[in-house]
Amino acid sequence: MKTYLSIIEKLKAQNVTLVAVSKTKPQEAILEMYEAGQRIFGENRVQELLTKYEALPKDIEWHLIGHLQSNKVKYIAPFVSMIHSVESAKLLKEINKEAANNGRVIDCLLQMKIAEEDSKFGMTEQDARLLLDTDFSKLKNIRLVGVMGMATFTEDMVQVQAEFQRLKGVFDALKYTYFENEPSFKEISMGMSGDYEQAIAAGSTMVRIGSLIFGKR
Ligand SMILES: *Cc1c(COP(=O)(O)O)cnc(C)c1O
């Protein structure tokens, strides 16, 4: 049996959503997995996402998982199903504006900085609280459905586990303050090929797996 089929089955049994990260992979590889039943695919670049969206079946749910510049939101707003990488109020407002232009509500995750290593991307819990306190309630064309984070790239699984637990803690705290009566705020997007088991143990609801199912990039 193909590796990806057993991984898809395993995640299904654990009730964890698989975002199949298809960046750099050819359309045939995506179609093969599509034919095996996978519908959610993740890309990290806008141009590549657009090309694949045009060419592939329209019932694919495309998730943008990489850094997004405000001036590119308009290209993906007509179809993107979830944006994992919201890390500023400015970006969230732009997504809201372009979603409104397309008569849509776009699901978004707040990308949180959880890694010890110095990563450029992601918000602190304080950043997130400031955004939720000030800008958020007026935005009717986005729906915040949870948080996303990336652990440090290290062999030290104790550290990775601690970082995932930190993200779960941030999720719980934001949920308690802002989303207690919003069942749709429920996603914790964490875990990649090398650390998804640790992420699931820490409470991940959505894993983003590329090389383990598509092969090395
Ligand atoms: C590439 C990428 C992944 C998948 O990485 P793999 O190690 O290939 O599973 C997950 N999340 C983000 C944000 C990525 O850019």
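Which side chains does a polar contact of 2.9 Å join? Keep that in mind as you move through this predicted model.

**Stop 1: strand β6**

Select residues 142-149, which form strand β6. Colour the selection by burial. Of its 8 residues, 7 are buried, so the rest of the structure largely encloses β6.

Now add the neighbour, strand β5, at residues 106-112. β5 and β6 run parallel and pair over 7 bridges. To see one of them, pick L109, whose bridge partner in β6 is G146.

Next, add strand β7, residues 187-189. The pairing with β6 is again parallel, here over 3 bridges. Pick V147 and look across to β7: the bridge partner there is I188.

Then trace the connection. The chain leaves β6, passes through helix α7 (residues 157-178) and arrives at β7. This β-α-β crossover is right-handed.

**Stop 2: S189 and its partner**

Stay on β7 and select S189, which sits in this strand. Is S189 buried or exposed? Its relative accessibility is 0%, so S189 counts as buried.

Show side chains for S189 and R208. These are the two joined by the polar contact of 2.9 Å, which settles the opening question.

**Stop 3: the largest pocket**

Keep R208 selected and turn on a pocket surface. R208 is among the residues nearest the centre of the largest pocket. The others are M150, A151, F153 and M192. Select those too.

How many residues line the largest pocket? The lining has 33, around a volume of about 880 Å³. The elements that each give two or more residues to this lining are β5, already on screen, and β8 (206-209).

Colour the lining by residue class. You get 13 nonpolar, 12 polar and 8 charged residues.

**Stop 4: the second largest pocket**

Move to the second largest pocket, with about 180 Å³ of space. Select I8, L11, K12, V16, T17, L18, A36, G37, Q38, R39 and I40 for its lining.

Two elements give two or more residues here: α1 (3-13) and β1 (17-21). Which element gives the largest share of the lining? Highlight α1: its share is 3 residues.

Apply the class colours again. This lining divides into 6 nonpolar, 3 polar and 2 charged residues.

**Last view**

Return to R208 and show both of its roles together. R208 lies among the residues nearest the centre of the largest pocket, and its side chain makes the polar contact with S189.

Definitions and conventions
Residues are numbered from 1 along each chain as its sequence is written. This is a predicted model: local features need pLDDT of at least 70, side-chain atom pairs count only at pLDDT 80 or more; totals for chains, interfaces and linings use all residues. Side-chain values use heavy atoms; hydrogens and water are left out. Buried means under 20% relative accessible area, exposed over 50%, partly exposed in between (1.4 Å probe, protein chains only). Helices (H or I, at least four residues) and strands (E, at least two) are DSSP runs, numbered from the N terminus. Two strands pair if DSSP finds at least two bridges between them. A crossover is right-handed if, with the strands pointing away from the viewer, the path from the first strand over the helix to the second runs clockwise. On a 1 Å grid over the protein atoms alone, a cavity is a set of points where a 1.4 Å probe fits but cannot get out, and a pocket is an open set with protein on both sides within 12 Å along at least five of seven lines; lining residues have an atom within 4 Å of a point. Grid points are joined across faces, edges and corners, and a volume is the space filled by probe spheres set on the points. Ala, Val, Leu, Ile, Met, Phe, Trp, Tyr, Cys and Pro count as nonpolar, Asp, Glu, Lys and Arg as charged, and the others, Gly among them, as polar. A polar contact is a pair of N or O atoms within 3.5 Å; within protein, one must be able to donate a hydrogen and the other to accept it, and residues adjacent in sequence count only if both atoms are side-chain atoms.
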